[in-house]
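Biologist: I'm new to this one. Can you put it on screen and walk me through it?

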Amino acid sequence: MVDPINFSSAVRASIDNKTKPLGSLGLIETLAAQIAEIQQSLIPCADTCTLTIFAADHGMARAGVSAFPSEVTRQMVLNFLSGGAAANVFARSVGASVQVVDAGVNGAPIDHPDLIRQCIATGTRNAIEEPAMTKEHLITALTTGEEIGRAVSSDVAAFGEMGIGNTSSATLVSSKILRLPIEQLAGRGTGLDDAGLARKTQLLAEAALRTPDQLDAVTALSEYGGFEIAMMCGAMLGASEIGRIVLVDGFIASVAALSALELRPECRTNLIFAHSSAEAGHRRVLEAIDARPLLNLNMRLGEGTGALLAWPLVKAAAAMLREMASFNSAGVSGPD
């Protein structure tokens with residue numbers, strides 16, 4: 001077994017001996033060190049990336065917590081499969097592959113050869129009034145997600161989601177795990193106006209009253225989560241287990257990561273937080289887990305778009321550590 005202290009020292013020495021002033025690449029050096037720790041290698045590789053998009057519907061969407069109807073979840077799954085969504089465009093631009101998982105989309109089964117069918121149920125129940133899912137459904141979502149995460153063969157596993165109402169679900173789950181008031185976490189989601197945001201906040205506050213102020217991750221997910229959030233949580237655990245670099249997207253993905261960290265804190269090494277979104281709740285979650293995101297682009301789309309945009313930074317950081325010359329190998333004089 002590699003001595004973690006000696007290995008970390010070797011990583012730092014390798015970075016410091018590159019042909020550059022000490023610390024001059026800033027956070028790229030921190031990122032390179034994390035990638036080296038994930039792969040336990042001084043010549044790490046982050047050249048391939050797979051984005052997995054988990055899709056599911058939420059019963060509370062019918063209560064009016066979103067600006068869009070729940071039918072959009074299904075429509076967007078078809079859009080992903082035809083290559084027309086922002087996630088597809090970004091993936092093509094950076095050379096990432098995309099796969100789509102039906103974790104619980106409402107309606108008849110979607111017939112498409114490229115869709116990964118893992119539908120647990122046709123959407124959750126209305127979490128404002130009752131638990132979103134049974135514990136059995138939650139366990140199925142987590143274990144299925146782990147299997148999907150362990151099956152990722154690329155260097156980098158990026159995860160995204162689609163589900164009308166899932167910012168509300170993420171708000172409730174994070175509120176319960178972190179014991180924070182709904183008012184500090186609720187955001188505009190798909191673009192609610194002031195009146196819509198006020199209504200959403202009121203409905204979520206009502207939902208929060210059903211349960212104690214603080215819940216463990218398993219209970220919070222079963223009471224308020226979505227099948228896509230739970231499955232993404234499991235996928236992060238599975239991908240971390242096999243040594244993949246895990247790129248965490250925006251608010252909903254970060255709540256899945258928050259849940260994963262409570263279930264298995266050791267997965268933290270593998271998690272790289274892609275960006276800070278425009279959702280107020282996302283910033284609070286990132287602060288709570290002391291995560292420093294790579295980008296801040298004022299985005300709030302989801303789908304894994306932020307993770308895809310962060311991948312080139314991850315790729316470059318790994319390449320720096322693997323390929324950049326040292327002072328000795330390049331024959332360059334080092335600092336005095």
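Biologist: Which residues is Met 236 in contact with, leaving aside its neighbours within four places in sequence?
Modeller: This is a predicted model. In it, Met 236 touches Phe 159, Val 246, Val 248, Ala 253, Ala 256 and Ala 257.

Biologist: And how many residues are in the largest nonpolar core?
Modeller: The largest nonpolar core has 62 residues. Met 236 and Phe 159 have the most contacts inside it.

Biologist: Which helix gives the largest share of this core?
Modeller: Helix H9, residues 227-241, with 10 residues.

Biologist: What about another core, apart from it?
Modeller: That one has 46 residues. Ile 35, Phe 80, Ile 110 and Val 156 are among them.

Biologist: Switching to the sheet. What is the order of its six strands?
Modeller: The order is S3-S2-S1-S4-S5-S6. The sheet is open, and the pairing is parallel.

Biologist: Which are the edge strands?
Modeller: Strand S3 (115-117) and strand S6 (271-273). Each pairs on one side only.

Biologist: How many degrees are neighbouring strands turned against each other on average?
Modeller: 30 degrees, direction ignored.

Biologist: Which helix packs on the sheet, touching S1, S4, S5 and S6?
Modeller: Helix H12, residues 305-323. Its direction makes about 140 degrees with that of strand S5 (245-248).

Biologist: Back to S1 and S4. How many bridges join them?
Modeller: Seven bridges. Strand S1 covers residues 49-56, strand S4 covers residues 156-162, and they run parallel.

Biologist: What is the bridge partner of Ile 53 in S4?
Modeller: Gly 160.

Technical notes
Residues numbered from 1 in each chain as written. Predicted model: local features only at pLDDT ≥ 70, side-chain atom pairs only at ≥ 80, totals over all residues. Heavy atoms only, no water. Pairing = 2+ DSSP bridges. Helix = DSSP H or I, 4+ residues; strand = E, 2+ residues; numbered from the N terminus. Axes fitted to C-alpha atoms, helices over the stretch in contact; angles between N-to-C directions. Contact = heavy atoms within 4.5 Å. Core = buried A, V, L, I, M, F, W, Y, C linked by side-chain atoms within 4.5 Å. Buried < 20%, exposed > 50% of the residue type's maximum accessible area, 1.4 Å probe, protein only.
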